[in-house]
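Reader: I have a two-chain model open and want to walk through it. Can we take it piece by piece?

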Amino acid sequence: MSGVCVNSMYKKFTLKITVFHCINTFNDAMTMPWGEDKEVKINFIKLPCSSMVKDVFLLRAFEAGADAVIVMVCPEGACRYVEGNLRAKRRVLWVQKVLDEIGLGGRRLTIFNVAPGDENAIVKIIEEIRDDVVALGPSPAHYVARLA
Amino acid sequence: MIVGEQKKIAEIKALVEPYRRILILGCGTCVKTCFAGGEDEVATLSSALRLALSMEGKEIAVEELTVERQCEDEFIQEAAEAISRNEAVLSLACGAGVQDIARTFPKVPVLPGVNTTFIGILEKHGLFTEECLGCGDCKLALFGSVCPIARCSKKLLNGPCGGSKNGKCEVDPAIDCAWQLIIDRLKDLGQLKSLKAYVEPKDWRRSNAGGPRKLVRQDHIV
């Protein structure tokens, strides 16, 4: 994966993506192709179930410098804990509204259903979000701090 | 319980704008249950405020604390140290909690972060409904334990009005007709004929309309 993190409105920036994922979606045994990519830093945070993702975890990921946050959950109807993925989706929708309200933009937070072990789908999602966030530019929350 | 709703972040941001160091103080009882002011909401709001202000190049130090109840002195005192470290308190309690904190710490600005809305119940997870107006003269026994004061849009004591359709109120079809509920309940209890009795107009002086109320229990005052 090439780190095409250049948006003409901003200086070249290292894109930071935080991925919260259910361990049933994928686990440490999978090798991700962007492990050596220095232009895109991806922080994977595994959860025993996606329903463990709280509103504050998503916001704190942005506080910690993420330009985008992705939540990967099991397909609907396939959650081991019945409705964990549905609860995660509700929380993401809520936090998207908070992000819109504070001006950071709900588009920076996304949720995807991923079948267990579907490595191709995961790579495609991350590439898609990477391109989207490159177009948006760095997170205004820490872009201001970087300039200060 | 008291049901409340967190204010919009823009309003909260404007309230805390003059301060550089604030304590967001949660309340672990009613407003926690309705997701407005418990530990989780304190943490989420702190983070959202820091992010919102950082985008304007401003910094704010936010301390977080949640006490069991902000309407009782023994719990309020647990916040004393944290309050002394900050310029202002943003309270996520109901209006009673905000005022009790302000009364206990007269030199500290105490700001409300929640709009207190009603006395209600958790009908199902995520749904809270108004059930009581605190009118000071409970007549639930006459109405099969369904309150027409709080739940009938017209507050009719001698209903129904005749405007409901399929058990829903004509004022808003999302509202259950309280009088339909009263009749159904009294039918189940075999007490329908009790509705033949005329109910006298309510004495609103016992409600907040008669001015702020006080409850004195001499047996508990030393």
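Reader: How many bridges join E1(A) to strand E3 of chain A?

Author: This is a predicted model. Strand E3 of chain A covers residues 68-73 and runs parallel to E1(A). One residue pair shows the register: A:Val19 stands opposite A:Ile70 in E3(A). The number of bridges joining E1(A) to E3 is 5.

Reader: Which residue of E2(A) is the bridge partner of A:Phe20?

Author: Strand E2 of chain A spans residues 40-47. E1(A) and E2 run parallel and are joined by 8 bridges. Within that pairing, the partner of A:Phe20 is A:Ile45.

Reader: How many of the residues of strand E1 of chain A are buried?

Author: Take the two faces of E1(A) in turn. On one side, A:Leu15, A:Ile17, A:Val19 and A:His21 are buried. On the other side, A:Lys16, A:Thr18, A:Phe20 and A:Cys22 are buried too. For the strand at residues 15-22, the count is 8 of 8.

Reader: What pattern does chain A follow along the sequence?

Author: Chain A has 4 helices and 4 strands. Of its 148 residues, 39% count as buried. Among contacts between residues at least 6 apart in sequence, 75% join residues at least 24 apart. Read along the sequence, the pattern is β-β-α-β-α-β-α-α.

Reader: On to chain B. How far apart do the C-alpha centres of domain 1 and domain 2 of chain B lie?

Author: Domain 1 of chain B takes in residues 2-118. Domain 2 takes in residues 134-198. Their C-alpha centres are separated by 38 Å.

Reader: Why is one side of strand E3 and of strand E5 of chain B left without a neighbour in the sheet?

Author: The 4 strands of this open sheet are ordered E3-E2-E4-E5 in chain B, with parallel pairing. E3 (61-67) and E5 (110-112) stand at its edges, so one side of each lacks a neighbour there. From one strand to the next, the twist averages 25 degrees. The reason for the free sides is that E3 and E5 each have a single partner strand.

Reader: What angle does the direction of helix H3 of chain B make with that of E3(B)?

Author: Start with the strands under it. Strand E2 of chain B (residues 21-27) pairs with E3(B) in the parallel sense over 7 bridges, and B:Ile22 stands opposite B:Val62. Helix H3 (residues 39-54) packs on the sheet and touches E2 and E3 of chain B. Its direction makes an angle with that of E3(B) of about 170 degrees.

Reader: Which strands of chain B does helix H6 touch?

Author: Helix H6 of chain B, residues 95-104, also packs on the sheet. Its direction makes about 175 degrees with that of E5(B). The strands that H6 touches are E2, E4 (88-91) and E5 of chain B.

Reader: In the 3-strand sheet of chain B, which are the edge strands?

Author: The order of this open sheet is E1-E6-E7, with antiparallel pairing. Its twist averages 70 degrees from one strand to the next. E1(B) and strand E6 (residues 114-124) share 5 bridges, and B:Gln6 stands opposite B:Val114. The strands that pair on one side only are E1 (2-6) and E7 (127-132) of chain B.

Reader: Which element gives the largest share of the side of chain A that touches chain B?

Author: The contact takes 17 residues from chain A and 14 from chain B. On the chain A side, H1 (55-63), H2 (84-102) and H4 (140-147) each give two or more residues. That side divides into 11 nonpolar, 1 polar and 5 charged residues. With 6 residues, the largest share comes from H1(A).

Reader: Which element gives the most to the largest nonpolar core?

Author: This core has 76 residues, and those touching the most other members include A:Ile17, A:Val71, B:Ile24 and B:Val31. Among the residues that B:Val31 touches are B:Ile2, B:Leu92 and B:Val114. A second, separate core of 10 residues includes B:Ile149 and B:Cys169. The largest core gets 7 residues, the most from any element, from H3(B).

Conventions. Residues numbered from 1 in each chain as written. Chains lettered and ligands numbered in written order. Predicted model: local features only at pLDDT ≥ 70, side-chain atom pairs only at ≥ 80, totals over all residues. Domains from an automatic or database assignment. Pairing = 2+ DSSP bridges. Axes fitted to C-alpha atoms, helices over the stretch in contact; angles between N-to-C directions. Contact = placed C-beta atoms within 7 Å. Buried ≥ 20, exposed ≤ 12 C-beta atoms within 10 Å, placed from the backbone. Nonpolar A, V, L, I, M, F, W, Y, C, P; charged D, E, K, R; others polar. Core = buried A, V, L, I, M, F, W, Y, C linked by C-beta atoms within 7 Å. Lists of a residue's contacts leave out its neighbours within four places in sequence.
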